[in-house]
Amino acid sequence: MATSAGASARSPKQAPKQAPKLGAKIRRLRREQGMTQAQLAEALGVSASYLNLIEHNRRKLTTDLLLAIAEQFSLDFATLAEDDESRLYNDVMDAFGDRLFEEVELTTTDVRELVIASPQAARALLTLYDAYYKTLNDARSLAAQMTDGEEGGGFPLVDLAPADLISDMIQENQNYFQDLEHEADRVRREVRMAGPAVQHAGSALNWERMADYLQEAHGVRTAFATPDEAGSLGVARRFDKKDRLLTVSARLDGQARAFQLAHQIGQLSAEPVLEMLLSENRIKDPQARAMGRIALANYFAAALLMPYEEMLEAARSSRYDIELLQHQFNASFEQVCHRLTSLNRPDAKGVPLHMLRVDTAGNISKRFTLSGLPIPRHGGACSRWNVYSAFLNPGVIQAQVSKLPDGQAYFCIARTVRKGGVGYGAPQYFQSIGLGCDLRYAREMIYSDDVELERPERFGEIGVACRICERMDCPQRAFPPVHLRYTVDSNVRGASPYTAPGWPWHHERPGPTR
(Lines give C-alpha, C1' and ligand atoms only; values in the text may rest on other atoms or scores of the structure.)
Protein backbone atom coordinates (compact mmCIF):
# COMPACT_ATOMS: atom_id res chain seq x y z
CA MET A 1 0.00 0.00 0.00
CA ALA A 2 1.73 3.10 -1.15
CA THR A 3 1.32 6.72 -2.05
CA SER A 4 4.40 7.32 -4.15
CA ALA A 5 4.69 6.42 -7.80
CA GLY A 6 8.09 5.13 -8.69
CA ALA A 7 10.52 3.59 -11.12
CA SER A 8 9.72 1.36 -14.04
CA ALA A 9 9.12 -2.36 -13.69
CA ARG A 10 7.84 -5.20 -15.79
CA SER A 11 4.12 -5.89 -15.77
CA PRO A 12 2.84 -8.92 -13.86
CA LYS A 13 2.10 -10.67 -17.16
CA GLN A 14 5.72 -10.28 -18.23
CA ALA A 15 7.20 -11.18 -14.87
CA PRO A 16 5.53 -14.20 -13.29
CA LYS A 17 6.36 -14.93 -9.71
CA GLN A 18 9.61 -16.85 -9.41
CA ALA A 19 9.14 -20.53 -8.66
CA PRO A 20 10.07 -21.39 -5.09
CA LYS A 21 13.38 -23.16 -4.54
CA LEU A 22 12.53 -26.40 -2.79
CA GLY A 23 15.93 -28.06 -2.50
CA ALA A 24 16.47 -27.25 1.17
CA LYS A 25 12.89 -28.25 1.99
CA ILE A 26 13.33 -31.65 0.29
CA ARG A 27 16.64 -32.15 2.10
CA ARG A 28 15.00 -31.31 5.41
CA LEU A 29 12.07 -33.69 4.78
CA ARG A 30 14.50 -36.46 3.83
CA ARG A 31 16.54 -36.01 6.99
CA GLU A 32 13.43 -35.92 9.15
CA GLN A 33 12.52 -39.34 7.71
CA GLY A 34 16.03 -40.65 8.43
CA MET A 35 16.69 -41.36 4.74
CA THR A 36 19.96 -41.08 2.86
CA GLN A 37 20.16 -39.44 -0.55
CA ALA A 38 20.63 -42.86 -2.13
CA GLN A 39 17.49 -44.23 -0.44
CA LEU A 40 15.31 -41.32 -1.49
CA ALA A 41 16.75 -41.30 -5.00
CA GLU A 42 15.92 -45.00 -5.36
CA ALA A 43 12.35 -44.41 -4.14
CA LEU A 44 11.93 -41.58 -6.68
CA GLY A 45 13.58 -43.45 -9.54
CA VAL A 46 16.44 -40.98 -10.05
CA SER A 47 20.16 -41.11 -9.44
CA ALA A 48 21.67 -39.98 -6.14
CA SER A 49 23.80 -37.40 -7.96
CA TYR A 50 20.70 -35.91 -9.62
CA LEU A 51 18.92 -35.72 -6.25
CA ASN A 52 21.99 -34.01 -4.81
CA LEU A 53 21.73 -31.34 -7.52
CA ILE A 54 18.01 -30.89 -6.76
CA GLU A 55 18.68 -30.47 -3.05
CA HIS A 56 21.15 -27.70 -3.87
CA ASN A 57 18.69 -25.98 -6.26
CA ARG A 58 20.86 -26.72 -9.28
CA ARG A 59 18.21 -28.68 -11.17
CA LYS A 60 14.58 -27.78 -11.78
CA LEU A 61 11.87 -30.09 -10.52
CA THR A 62 9.50 -31.58 -13.07
CA THR A 63 5.82 -31.84 -12.19
CA ASP A 64 6.01 -35.65 -12.17
CA LEU A 65 8.98 -35.64 -9.81
CA LEU A 66 7.33 -33.06 -7.57
CA LEU A 67 4.23 -35.25 -7.34
CA ALA A 68 6.40 -38.27 -6.51
CA ILE A 69 8.16 -36.34 -3.72
CA ALA A 70 4.81 -35.17 -2.33
CA GLU A 71 3.57 -38.77 -2.30
CA GLN A 72 6.78 -40.01 -0.69
CA PHE A 73 6.40 -37.60 2.25
CA SER A 74 2.58 -37.83 2.44
CA LEU A 75 2.10 -34.18 1.50
CA ASP A 76 -0.35 -32.70 -0.95
CA PHE A 77 1.12 -31.05 -4.02
CA ALA A 78 0.16 -27.52 -3.02
CA THR A 79 1.69 -27.86 0.45
CA LEU A 80 5.01 -28.98 -0.99
CA ALA A 81 5.10 -26.49 -3.85
CA GLU A 82 4.09 -23.32 -2.01
CA ASP A 83 6.80 -21.00 -0.78
CA ASP A 84 5.64 -21.25 2.81
CA GLU A 85 8.88 -19.89 4.22
CA SER A 86 8.28 -16.36 2.90
CA ARG A 87 6.20 -15.13 5.85
CA LEU A 88 8.62 -16.65 8.35
CA TYR A 89 11.53 -15.07 6.47
CA ASN A 90 9.94 -11.63 6.63
CA ASP A 91 9.17 -11.99 10.35
CA VAL A 92 12.77 -12.99 11.08
CA MET A 93 14.10 -10.14 8.94
CA ASP A 94 11.81 -7.80 10.87
CA ALA A 95 13.39 -9.05 14.12
CA PHE A 96 16.93 -8.66 12.74
CA GLY A 97 16.02 -5.10 11.79
CA ASP A 98 16.28 -4.21 15.48
CA ARG A 99 19.24 -2.03 16.47
CA LEU A 100 20.27 -4.87 18.74
CA PHE A 101 21.80 -6.55 15.66
CA GLU A 102 23.52 -3.51 14.15
CA GLU A 103 26.99 -4.88 14.85
CA VAL A 104 26.23 -8.35 13.48
CA GLU A 105 27.54 -9.08 10.00
CA LEU A 106 24.32 -10.50 8.61
CA THR A 107 23.03 -10.71 5.05
CA THR A 108 19.63 -11.49 3.62
CA THR A 109 21.12 -14.70 2.23
CA ASP A 110 22.11 -15.78 5.75
CA VAL A 111 18.56 -15.28 6.99
CA ARG A 112 16.94 -17.04 4.04
CA GLU A 113 19.24 -20.04 4.42
CA LEU A 114 18.36 -20.26 8.12
CA VAL A 115 14.62 -20.15 7.39
CA ILE A 116 14.76 -22.71 4.58
CA ALA A 117 17.21 -25.14 6.15
CA SER A 118 15.89 -24.98 9.72
CA PRO A 119 12.47 -23.32 10.04
CA GLN A 120 12.04 -24.59 13.61
CA ALA A 121 15.25 -22.85 14.64
CA ALA A 122 14.00 -19.67 12.93
CA ARG A 123 10.69 -19.89 14.83
CA ALA A 124 12.57 -20.47 18.08
CA LEU A 125 14.66 -17.37 17.39
CA LEU A 126 11.48 -15.41 16.69
CA THR A 127 9.95 -16.61 19.97
CA LEU A 128 13.08 -15.49 21.82
CA TYR A 129 13.00 -12.07 20.14
CA ASP A 130 9.28 -11.67 20.95
CA ALA A 131 10.08 -12.31 24.61
CA TYR A 132 12.95 -9.80 24.48
CA TYR A 133 10.74 -7.20 22.78
CA LYS A 134 7.99 -7.65 25.37
CA THR A 135 10.46 -7.41 28.27
CA LEU A 136 12.01 -4.27 26.79
CA ASN A 137 8.62 -2.58 26.44
CA ASP A 138 7.61 -3.61 29.96
CA ALA A 139 10.83 -2.08 31.31
CA ARG A 140 10.24 1.15 29.39
CA SER A 141 6.65 1.37 30.61
CA LEU A 142 7.77 0.78 34.20
CA ALA A 143 10.48 3.43 33.88
CA ALA A 144 7.93 5.89 32.53
CA GLN A 145 5.64 5.25 35.51
CA MET A 146 8.47 5.73 37.98
CA THR A 147 9.53 8.93 36.23
CA ASP A 148 6.01 10.30 36.55
CA GLY A 149 6.40 9.97 40.31
CA GLU A 150 2.82 8.84 40.79
CA GLU A 151 2.55 5.74 42.89
CA GLY A 152 0.20 3.32 41.19
CA GLY A 153 -0.47 5.84 38.42
CA GLY A 154 0.08 5.72 34.70
CA PHE A 155 -0.93 3.03 32.26
CA PRO A 156 -0.54 -0.72 32.83
CA LEU A 157 2.47 -2.45 31.35
CA VAL A 158 2.06 -3.33 27.70
CA ASP A 159 1.87 -7.10 27.21
CA LEU A 160 2.71 -7.83 23.59
CA ALA A 161 3.29 -11.57 23.70
CA PRO A 162 -0.39 -12.65 24.07
CA ALA A 163 -1.38 -10.47 21.11
CA ASP A 164 1.38 -12.04 19.01
CA LEU A 165 0.26 -15.53 19.98
CA ILE A 166 -3.32 -14.86 18.91
CA SER A 167 -2.22 -13.11 15.72
CA ASP A 168 -0.11 -16.15 14.86
CA MET A 169 -3.03 -18.49 15.62
CA ILE A 170 -5.31 -16.57 13.25
CA GLN A 171 -2.62 -16.52 10.56
CA GLU A 172 -1.89 -20.24 10.88
CA ASN A 173 -5.60 -21.02 10.47
CA GLN A 174 -5.85 -18.60 7.52
CA ASN A 175 -8.50 -16.74 9.51
CA TYR A 176 -11.03 -19.50 8.84
CA PHE A 177 -12.60 -21.50 11.69
CA GLN A 178 -15.12 -23.99 10.36
CA ASP A 179 -16.41 -24.95 13.82
CA LEU A 180 -17.33 -21.33 14.52
CA GLU A 181 -19.05 -21.05 11.14
CA HIS A 182 -21.21 -24.06 12.02
CA GLU A 183 -21.98 -22.66 15.45
CA ALA A 184 -22.96 -19.32 13.96
CA ASP A 185 -25.31 -21.05 11.50
CA ARG A 186 -26.94 -23.01 14.34
CA VAL A 187 -27.34 -19.99 16.61
CA ARG A 188 -28.65 -17.82 13.78
CA ARG A 189 -31.56 -20.20 13.28
CA GLU A 190 -32.30 -20.05 16.99
CA VAL A 191 -32.07 -16.26 17.10
CA ARG A 192 -34.59 -15.94 14.27
CA MET A 193 -37.04 -17.97 16.38
CA ALA A 194 -36.63 -15.72 19.43
CA GLY A 195 -38.94 -12.85 20.27
CA PRO A 196 -42.63 -12.31 19.59
CA ALA A 197 -42.45 -13.24 15.88
CA VAL A 198 -40.29 -15.55 13.76
CA GLN A 199 -37.85 -13.64 11.53
CA HIS A 200 -37.52 -14.79 7.92
CA ALA A 201 -34.13 -16.05 6.79
CA GLY A 202 -33.35 -13.29 4.32
CA SER A 203 -33.34 -10.36 6.74
CA ALA A 204 -30.41 -9.11 8.80
CA LEU A 205 -30.33 -9.77 12.52
CA ASN A 206 -30.89 -6.67 14.65
CA TRP A 207 -29.84 -6.00 18.19
CA GLU A 208 -33.41 -6.21 19.54
CA ARG A 209 -33.81 -9.80 18.34
CA MET A 210 -30.43 -10.77 19.73
CA ALA A 211 -31.37 -9.23 23.09
CA ASP A 212 -34.53 -11.40 23.05
CA TYR A 213 -32.37 -14.46 22.33
CA LEU A 214 -29.98 -13.71 25.20
CA GLN A 215 -32.95 -13.49 27.56
CA GLU A 216 -34.64 -16.69 26.31
CA ALA A 217 -31.56 -18.87 25.80
CA HIS A 218 -29.28 -17.69 28.61
CA GLY A 219 -31.44 -15.71 31.02
CA VAL A 220 -29.36 -12.60 30.33
CA ARG A 221 -31.00 -9.18 30.47
CA THR A 222 -29.67 -6.37 28.28
CA ALA A 223 -29.45 -2.78 29.49
CA PHE A 224 -28.01 0.36 27.93
CA ALA A 225 -25.78 2.54 30.08
CA THR A 226 -25.77 6.31 29.88
CA PRO A 227 -22.38 7.96 29.28
CA ASP A 228 -22.00 8.63 33.01
CA GLU A 229 -22.84 5.04 33.90
CA ALA A 230 -20.39 3.67 31.31
CA GLY A 231 -17.56 5.46 33.07
CA SER A 232 -14.86 7.77 31.86
CA LEU A 233 -13.20 5.05 29.76
CA GLY A 234 -16.37 4.62 27.69
CA VAL A 235 -16.79 0.85 28.22
CA ALA A 236 -18.65 -0.55 25.22
CA ARG A 237 -19.83 -3.78 26.86
CA ARG A 238 -19.78 -5.27 30.34
CA PHE A 239 -21.21 -8.66 31.32
CA ASP A 240 -22.04 -9.43 34.96
CA LYS A 241 -22.14 -13.22 35.26
CA LYS A 242 -23.62 -13.18 38.75
CA ASP A 243 -26.56 -10.90 37.95
CA ARG A 244 -26.87 -12.18 34.35
CA LEU A 245 -26.82 -8.61 33.11
CA LEU A 246 -25.25 -7.39 29.88
CA THR A 247 -24.67 -3.63 29.89
CA VAL A 248 -24.01 -1.94 26.55
CA SER A 249 -23.00 1.67 26.11
CA ALA A 250 -25.77 3.92 24.82
CA ARG A 251 -23.12 5.78 22.81
CA LEU A 252 -22.72 2.86 20.38
CA ASP A 253 -24.39 3.19 16.99
CA GLY A 254 -26.68 0.44 15.69
CA GLN A 255 -23.91 -1.49 13.92
CA ALA A 256 -21.60 -1.53 16.93
CA ARG A 257 -24.51 -2.34 19.25
CA ALA A 258 -25.50 -5.38 17.15
CA PHE A 259 -21.87 -6.56 17.01
CA GLN A 260 -21.42 -6.35 20.79
CA LEU A 261 -24.58 -8.40 21.38
CA ALA A 262 -23.46 -10.94 18.77
CA HIS A 263 -20.07 -11.12 20.49
CA GLN A 264 -21.71 -11.84 23.85
CA ILE A 265 -23.87 -14.53 22.26
CA GLY A 266 -20.66 -16.10 20.98
CA GLN A 267 -19.11 -16.03 24.47
CA LEU A 268 -22.13 -17.87 25.88
CA SER A 269 -23.53 -20.08 23.11
CA ALA A 270 -20.21 -21.09 21.55
CA GLU A 271 -18.10 -21.24 24.73
CA PRO A 272 -17.18 -24.96 24.36
CA VAL A 273 -16.05 -24.36 20.78
CA LEU A 274 -13.97 -21.31 21.78
CA GLU A 275 -12.19 -23.31 24.48
CA MET A 276 -11.66 -26.27 22.15
CA LEU A 277 -10.07 -24.09 19.46
CA LEU A 278 -7.75 -22.41 21.96
CA SER A 279 -6.62 -25.78 23.27
CA GLU A 280 -6.17 -27.21 19.77
CA ASN A 281 -3.96 -24.25 18.91
CA ARG A 282 -1.87 -24.73 22.09
CA ILE A 283 -2.80 -21.40 23.65
CA LYS A 284 -1.97 -21.93 27.33
CA ASP A 285 -1.08 -18.53 28.78
CA PRO A 286 -4.12 -17.17 30.68
CA GLN A 287 -3.79 -13.69 29.19
CA ALA A 288 -3.42 -15.12 25.72
CA ARG A 289 -6.46 -17.36 26.22
CA ALA A 290 -8.50 -14.35 27.32
CA MET A 291 -7.43 -12.43 24.22
CA GLY A 292 -8.11 -15.53 22.15
CA ARG A 293 -11.69 -15.76 23.45
CA ILE A 294 -12.23 -12.15 22.43
CA ALA A 295 -10.79 -12.71 18.95
CA LEU A 296 -12.74 -15.91 18.36
CA ALA A 297 -15.97 -14.42 19.74
CA ASN A 298 -15.47 -11.50 17.35
CA TYR A 299 -15.09 -14.02 14.52
CA PHE A 300 -18.32 -15.70 15.66
CA ALA A 301 -20.11 -12.34 15.77
CA ALA A 302 -19.09 -11.55 12.20
CA ALA A 303 -20.18 -15.01 11.04
CA LEU A 304 -23.51 -14.62 12.85
CA LEU A 305 -24.26 -11.22 11.30
CA MET A 306 -22.77 -11.93 7.86
CA PRO A 307 -23.44 -15.58 6.87
CA TYR A 308 -20.63 -17.18 4.86
CA GLU A 309 -22.49 -18.14 1.69
CA GLU A 310 -24.44 -14.88 1.56
CA MET A 311 -21.34 -12.78 2.11
CA LEU A 312 -19.28 -14.67 -0.48
CA GLU A 313 -22.03 -14.40 -3.10
CA ALA A 314 -22.56 -10.71 -2.33
CA ALA A 315 -18.83 -10.00 -2.44
CA ARG A 316 -18.45 -11.66 -5.82
CA SER A 317 -21.54 -10.06 -7.36
CA SER A 318 -20.62 -6.58 -6.10
CA ARG A 319 -16.92 -7.09 -6.88
CA TYR A 320 -15.99 -6.43 -3.29
CA ASP A 321 -17.79 -3.09 -3.10
CA ILE A 322 -17.35 -2.62 0.63
CA GLU A 323 -19.79 0.25 1.01
CA LEU A 324 -22.48 -1.74 -0.80
CA LEU A 325 -21.79 -4.71 1.46
CA GLN A 326 -22.07 -2.40 4.48
CA HIS A 327 -25.55 -1.44 3.37
CA GLN A 328 -26.60 -5.02 2.65
CA PHE A 329 -25.45 -6.45 5.96
CA ASN A 330 -25.89 -3.33 8.11
CA ALA A 331 -22.25 -3.49 9.19
CA SER A 332 -19.36 -1.06 9.54
CA PHE A 333 -16.49 -0.67 7.08
CA GLU A 334 -14.07 -2.45 9.40
CA GLN A 335 -16.52 -5.27 10.15
CA VAL A 336 -17.02 -5.95 6.44
CA CYS A 337 -13.26 -5.89 5.76
CA HIS A 338 -12.69 -8.38 8.58
CA ARG A 339 -15.35 -10.71 7.25
CA LEU A 340 -13.96 -10.59 3.72
CA THR A 341 -10.57 -11.80 5.00
CA SER A 342 -12.23 -14.88 6.53
CA LEU A 343 -13.80 -16.22 3.30
CA ASN A 344 -11.27 -19.04 3.08
CA ARG A 345 -13.34 -22.23 3.18
CA PRO A 346 -11.42 -24.77 1.05
CA ASP A 347 -14.35 -25.50 -1.29
CA ALA A 348 -15.60 -21.89 -1.56
CA LYS A 349 -12.86 -19.29 -1.28
CA GLY A 350 -12.95 -15.57 -1.82
CA VAL A 351 -10.03 -13.42 -2.94
CA PRO A 352 -6.97 -14.06 -0.70
CA LEU A 353 -6.60 -10.75 1.09
CA HIS A 354 -4.37 -8.95 3.53
CA MET A 355 -5.64 -6.52 6.12
CA LEU A 356 -4.06 -4.22 8.65
CA ARG A 357 -5.20 -1.46 10.97
CA VAL A 358 -2.98 1.43 12.02
CA ASP A 359 -3.28 4.54 14.16
CA THR A 360 -1.99 8.04 13.49
CA ALA A 361 1.33 7.19 15.17
CA GLY A 362 1.91 4.37 12.69
CA ASN A 363 1.35 1.52 15.15
CA ILE A 364 -0.10 -1.67 13.63
CA SER A 365 -2.84 -2.99 15.90
CA LYS A 366 -4.17 -5.68 13.55
CA ARG A 367 -2.41 -7.62 10.83
CA PHE A 368 -3.30 -10.59 8.65
CA THR A 369 -2.04 -11.59 5.23
CA LEU A 370 -2.98 -14.20 2.66
CA SER A 371 -2.01 -12.03 -0.31
CA GLY A 372 1.70 -12.49 0.30
CA LEU A 373 2.33 -8.90 1.42
CA PRO A 374 4.78 -9.02 4.36
CA ILE A 375 3.38 -7.02 7.29
CA PRO A 376 5.90 -6.14 10.03
CA ARG A 377 5.52 -8.11 13.22
CA HIS A 378 6.79 -5.28 15.42
CA GLY A 379 6.63 -1.53 15.01
CA GLY A 380 5.30 0.32 11.99
CA ALA A 381 5.44 -0.43 8.28
CA CYS A 382 6.85 1.49 5.32
CA SER A 383 5.62 5.08 5.37
CA ARG A 384 4.80 4.86 1.66
CA TRP A 385 1.92 2.41 2.21
CA ASN A 386 -1.37 4.12 1.42
CA VAL A 387 -2.82 2.95 4.73
CA TYR A 388 -0.90 5.91 6.18
CA SER A 389 -1.67 8.51 3.50
CA ALA A 390 -5.38 7.70 3.97
CA PHE A 391 -5.27 9.96 7.04
CA LEU A 392 -4.83 12.93 4.70
CA ASN A 393 -8.31 12.31 3.20
CA PRO A 394 -10.49 10.94 6.02
CA GLY A 395 -13.38 8.74 4.95
CA VAL A 396 -12.24 8.46 1.31
CA ILE A 397 -11.25 5.08 -0.15
CA GLN A 398 -7.83 5.29 -1.82
CA ALA A 399 -6.68 2.68 -4.34
CA GLN A 400 -3.09 2.02 -5.35
CA VAL A 401 -0.86 -0.62 -6.91
CA SER A 402 2.19 -1.10 -4.69
CA LYS A 403 5.41 -2.84 -5.71
CA LEU A 404 8.05 -4.34 -3.42
CA PRO A 405 11.77 -4.31 -4.29
CA ASP A 406 11.53 -7.93 -5.48
CA GLY A 407 8.97 -6.86 -8.11
CA GLN A 408 5.94 -8.44 -6.45
CA ALA A 409 2.95 -6.13 -6.83
CA TYR A 410 -0.25 -5.77 -4.79
CA PHE A 411 -3.51 -3.94 -5.32
CA CYS A 412 -4.37 -2.09 -2.12
CA ILE A 413 -7.18 0.09 -0.83
CA ALA A 414 -7.19 2.10 2.38
CA ARG A 415 -9.68 4.24 4.25
CA THR A 416 -9.89 5.87 7.65
CA VAL A 417 -12.58 4.95 10.14
CA ARG A 418 -13.83 7.16 12.92
CA LYS A 419 -13.84 5.47 16.33
CA GLY A 420 -15.59 6.47 19.51
CA GLY A 421 -19.20 6.78 20.58
CA VAL A 422 -22.00 8.97 19.28
CA GLY A 423 -23.32 12.03 21.05
CA TYR A 424 -21.92 15.34 22.22
CA GLY A 425 -18.64 15.07 24.10
CA ALA A 426 -17.94 11.48 23.07
CA PRO A 427 -14.19 10.88 22.54
CA GLN A 428 -13.34 10.57 18.85
CA TYR A 429 -10.24 9.25 17.11
CA PHE A 430 -9.24 7.90 13.72
CA GLN A 431 -7.69 4.65 12.57
CA SER A 432 -6.92 3.53 9.06
CA ILE A 433 -7.87 0.18 7.51
CA GLY A 434 -5.82 -1.31 4.69
CA LEU A 435 -7.11 -4.15 2.53
CA GLY A 436 -5.58 -5.67 -0.57
CA CYS A 437 -4.65 -8.63 -2.74
CA ASP A 438 -2.02 -9.88 -5.13
CA LEU A 439 -2.17 -7.93 -8.40
CA ARG A 440 -3.48 -11.05 -10.15
CA TYR A 441 -6.82 -10.65 -8.35
CA ALA A 442 -7.13 -6.87 -8.73
CA ARG A 443 -9.86 -6.99 -11.38
CA GLU A 444 -12.10 -8.86 -8.95
CA MET A 445 -12.29 -5.68 -6.87
CA ILE A 446 -14.35 -2.78 -8.20
CA TYR A 447 -11.86 -0.21 -6.93
CA SER A 448 -9.36 -1.30 -9.60
CA ASP A 449 -11.55 0.04 -12.44
CA ASP A 450 -9.90 3.47 -12.39
CA VAL A 451 -6.37 2.21 -11.71
CA GLU A 452 -3.83 1.61 -14.48
CA LEU A 453 -2.90 -1.98 -13.73
CA GLU A 454 -0.95 -2.35 -16.97
CA ARG A 455 1.32 0.67 -16.30
CA PRO A 456 4.02 -0.68 -13.97
CA GLU A 457 5.97 2.58 -14.24
CA ARG A 458 3.13 4.18 -12.27
CA PHE A 459 3.13 1.60 -9.47
CA GLY A 460 3.97 2.92 -6.02
CA GLU A 461 7.36 1.69 -4.87
CA ILE A 462 7.21 0.49 -1.29
CA GLY A 463 9.21 -1.55 1.17
CA VAL A 464 8.27 -3.47 4.29
CA ALA A 465 10.10 -1.42 6.92
CA CYS A 466 13.12 0.88 6.70
CA ARG A 467 15.61 -1.35 8.47
CA ILE A 468 15.00 -4.29 6.14
CA CYS A 469 14.31 -2.35 2.94
CA GLU A 470 16.66 -2.49 -0.05
CA ARG A 471 15.49 0.77 -1.67
CA MET A 472 18.62 2.82 -1.14
CA ASP A 473 17.24 5.84 -3.02
CA CYS A 474 14.01 6.20 -1.04
CA PRO A 475 13.53 9.86 -0.02
CA GLN A 476 11.44 8.78 2.98
CA ARG A 477 14.07 6.49 4.49
CA ALA A 478 14.17 7.09 8.24
CA PHE A 479 16.74 4.45 9.26
CA PRO A 480 19.70 2.73 7.61
CA PRO A 481 19.18 -0.89 6.51
CA VAL A 482 20.45 -3.52 8.91
CA HIS A 483 21.96 -5.70 6.18
CA LEU A 484 24.05 -3.04 4.38
CA ARG A 485 27.05 -0.96 5.37
CA TYR A 486 26.85 2.81 5.24
CA THR A 487 29.24 5.71 5.70
CA VAL A 488 27.98 9.12 6.78
CA ASP A 489 29.37 12.02 4.72
CA SER A 490 28.79 15.37 6.39
CA ASN A 491 29.43 17.12 3.05
CA VAL A 492 26.52 15.44 1.27
CA ARG A 493 22.85 15.88 2.09
CA GLY A 494 20.12 14.04 0.27
CA ALA A 495 16.39 13.81 0.91
CA SER A 496 17.23 11.78 4.02
CA PRO A 497 20.43 11.46 6.08
CA TYR A 498 20.65 7.91 4.75
CA THR A 499 19.98 8.63 1.07
CA ALA A 500 21.99 10.78 -1.28
CA PRO A 501 23.17 10.64 -4.93
CA GLY A 502 26.14 8.30 -5.22
CA TRP A 503 25.65 7.08 -1.64
CA PRO A 504 28.42 4.58 -0.71
CA TRP A 505 26.44 1.50 0.28
CA HIS A 506 28.24 -1.82 0.64
CA HIS A 507 26.88 -5.31 1.05
CA GLU A 508 28.59 -6.05 4.34
CA ARG A 509 27.63 -5.16 7.85
CA PRO A 510 29.74 -2.45 9.48
CA GLY A 511 31.69 -2.19 12.61
CA PRO A 512 30.75 0.65 14.98
CA THR A 513 30.22 4.01 13.25
CA ARG A 514 31.33 7.03 15.22
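This note goes through the nonpolar cores, one buried glutamate and one aromatic pair of a predicted model.

1. Residues are numbered from 1 along each chain as its sequence is written. Because the model is predicted, local features need pLDDT of at least 70 and side-chain atom pairs count only at pLDDT 80 or more, while totals for chains, interfaces and linings use all residues, and side-chain values use heavy atoms, with hydrogens and water left out.

2. The largest nonpolar core (buried Ala, Val, Leu, Ile, Met, Phe, Trp, Tyr and Cys residues joined through side-chain atoms within 4.5 Å) has 75 residues, and among those touching the most other members are Met-210, Leu-304 and Phe-411. Helix α15, residues 286-305, gives the largest share of this core, 10 residues (helices are DSSP runs of H or I, at least four residues, numbered from the N terminus). Apart from it lies another core of 35 residues, including Val-115 and Tyr-388.

3. Glu-334, which has its place in helix α18 (residues 333-341), is buried, with a relative accessible area of 8% (buried means under 20%, exposed over 50%, partly exposed in between, with a 1.4 Å probe and protein chains only). Leaving aside neighbours within four places in sequence, Glu-334 is in contact (heavy atoms within 4.5 Å) with residues including Met-355, Arg-357 and Lys-366.

4. Phe-177 and Tyr-299 form an edge-to-face aromatic pair, 5.3 Å centre to centre with 90° between the planes (ring centres of Phe, Tyr or the six-membered ring of Trp within 6.5 Å; planes under 30 degrees apart are stacked, over 60 edge-to-face, the rest tilted). Both Phe-177 and Tyr-299 are buried.

Terms used: Helices (H or I, at least four residues) and strands (E, at least two) are DSSP runs, numbered from the N terminus.
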